[in-house]
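Dear colleague,

Please find the structure below for your records. My notes on the chain interface and on one helix pair follow it.

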Protein chains: 2
Amino acid sequence: MSMAVKDLVNVNLGDRSYAIKIGKGVLSHIAETVKSVSADARCVIVTDTNVNVAHGDSLRGILDEQQIQHFTIEVESGEKSKSWSVFQLVVDDILATKLERNDLVIAFGGGVVGDLAGFAASVVRRGMRFIQIPTSLLAQVDSSVGGKTGINSSHGKNLVGAFYQPAEVLIDLDVLKTLSPREFRAGYAEVAKYGLIKYPDFFSWLEQNYGDVFSHGGALATAIRTSCEAKAEIVAADETEAGQRALLNLGHTFGHALEGYTAYDGTRLVHGEGVAIGMVLAHRFSNRLNHCSMDDVSRVEAHLKAVGLPTNISDIPGEQPGVETLMSFIAQDKKVKRGALTFILTKGIGKSYIADDIPPSEVSGFLTEQMTK
Amino acid sequence: MSMAVKDLVNVNLGDRSYAIKIGKGVLSHIAETVKSVSADARCVIVTDTNVNVAHGDSLRGILDEQQIQHFTIEVESGEKSKSWSVFQLVVDDILATKLERNDLVIAFGGGVVGDLAGFAASVVRRGMRFIQIPTSLLAQVDSSVGGKTGINSSHGKNLVGAFYQPAEVLIDLDVLKTLSPREFRAGYAEVAKYGLIKYPDFFSWLEQNYGDVFSHGGALATAIRTSCEAKAEIVAADETEAGQRALLNLGHTFGHALEGYTAYDGTRLVHGEGVAIGMVLAHRFSNRLNHCSMDDVSRVEAHLKAVGLPTNISDIPGEQPGVETLMSFIAQDKKVKRGALTFILTKGIGKSYIADDIPPSEVSGFLTEQMTK
């Protein structure tokens, strides 16, 4: 029996528009979603080991009940699956099922699975339809919405991929219960990010209500819906990141560099943690450039600390990175233009902006200071 | 000194529209094309060994003269470069140049290079701009126009790729002079195809003027421009092959199966030759189904034979394929829907149509007949 969809967010992208359905038990809507794409659509579920163990049978059970033919492709959990070799494997495995262009790929997992499966769907037969069923908080509020898909290259993170929109996103709050506290916290960093980018009232609300969010109370659905609305609004205005969409990278240039230096070793640093540290650094850096008050820097730091997120480079276990190492990762980030660096800076909470003229020397000077913290 | 552009064909695709410039010496326009994309754009030339030897220095010379920074990535000539491993290599090599999203990829070669480089451009940083400079007749009249890019999988030809439009196409008639007669003929099969699809007057004109086309007379430019106009019209009406674009596959389902069975061994069969045989088969098959007169079948066969193209499966050197082998390649072609096969059939010259309900048994019966020819 399917439960009612509690919340619905539309991503308005012309003929590539789609709905995000949010609610407890919303997974059960998968059958009608599949059938709405094509009456006799078959599907291939791309998932990872952890999610398959926790939720794979329940998804397949729903499909079986509705006589929808399905295949499952399982990849290892973790960022390392966003590689050339796993990508080729997934694409070839989808082709091996002989699914056709009107069939469906279901990305069933966290950000890694969504990015990998979405990119695979975009290239199989030059584009199959796909549905995102994000199972981590991070994927639900960020990576499953907006159509960025891709894999990592030895040259850097997410450097190979496609802008490719899903046919629908199903966000089931129930699946979040199996997340580890650390994964949940990491996803929360992206929730807080929306407040910091341009919704100061949402950030204040989070400061008041984060307890209820973390205990899976009613505030959780509100936090997720508000995050999806914020992302949908920004993406609809700028699908391919020609301008304002770059605001979503707040904290990400520093964050990606930190992930790069840990070689995407999730035992040391996961993406959301990198973003948390990166957001604090972006505020501190903005303060150093006299754009953001110290009060706002402290508020950001205090809130992220309160939920248990790391806020300093030194919070990362193991050997600390050198400034030169971080600078080389920053230089190869996608956000570079003619040698000057593009950073998302801020004039205070909810007042972020794009600065595309930051001299590398300013950044390395700032990082040198931070290293001694 | 740059020569005037003789012909200009526009591909109308909204914000993805672009121009095809056709003429002798049009290669010299590359510098202004690069600069029109971005004032200080750099570029990476993706080419193959043969084209690089014949024309690489002249292209680089033009870029040098205009102080445009460039890199060259050379792949081996031939269909085997449309592979996963070469694709990954090209993408990683483009990333290694540290080119940015406003820089350019130049696909400089035949259909293989265009498909490979275009697909690579589509995924590097989720999409770099790219220019097609097709150097074979086949690429000039077909593969460089319309945005289909991709590579082959072990499951079949062109099963992995993207719809990705170039920023411009430069068609230089001079570069065709270095083509072997066999390559030129193979490209001519696609020229004749446009007449057979829906331009019967063009086919009649080709029957009269093919001698001048083959001796690089004035008819060559007309044949190329007319082909590009035909393709542009069809693509503009149906970019992602939801409908009429499929007409361009006339002869291709049989042709791809023949290429598959020769394992893309260009010494036995190149793409255009497969299409020539495939087009004759499509007409014969249509005749068998009582849709096309024997007179029209004979005209098609006679014209393709006159220019020296193969028209029978038995014209392929080496061991002949079994019907079952061909049927398995046909079944894995992209043109399959729920078990029934989609074929481009014809009611006569210039009267092709899409038939999506062909029972496999009809096809295998027909092929069994053909094998004894």
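Between chain A and chain B there are zero salt bridges (a side-chain nitrogen of Lys or Arg within 4 Å of a carboxyl oxygen of Asp or Glu). This is a predicted model, in which local features need pLDDT of at least 70, side-chain atom pairs count only at pLDDT 80 or more, and totals for chains, interfaces and linings use all residues. Residues are numbered from 1 along each chain as its sequence is written, chains are lettered from A and ligands numbered from 1 in the order in which they are written, and side-chain values use heavy atoms, with hydrogens and water left out.

The two chains bury about 3500 Å² between them (accessible area, 1.4 Å probe, lost on being put together and summed over both), and carbon and sulfur atoms give 47% of that area. In contact (heavy atoms within 4.5 Å) are 41 residues of chain A and 41 residues of chain B.

Within chain B, helix α7 (residues 200-214) packs against helix α8 (residues 218-237) at an angle of about 140°, with the axes 8 Å apart. Here helices are DSSP runs of H or I with at least four residues; axes are lines fitted to C-alpha atoms over the stretch in contact, and angles run from 0 to 180 degrees between N-to-C directions. Among the residues that meet are F202(B), W205(B) and L206(B) of α7(B), and G218(B), A219(B) and L220(B) of α8(B). The residues of this contact comprise seven nonpolar (Ala, Val, Leu, Ile, Met, Phe, Trp, Tyr, Cys, Pro), one charged (Asp, Glu, Lys, Arg) and five polar (the others, Gly among them).

Kind regards

Notes
Helix = DSSP H or I, 4+ residues; strand = E, 2+ residues; numbered from the N terminus.
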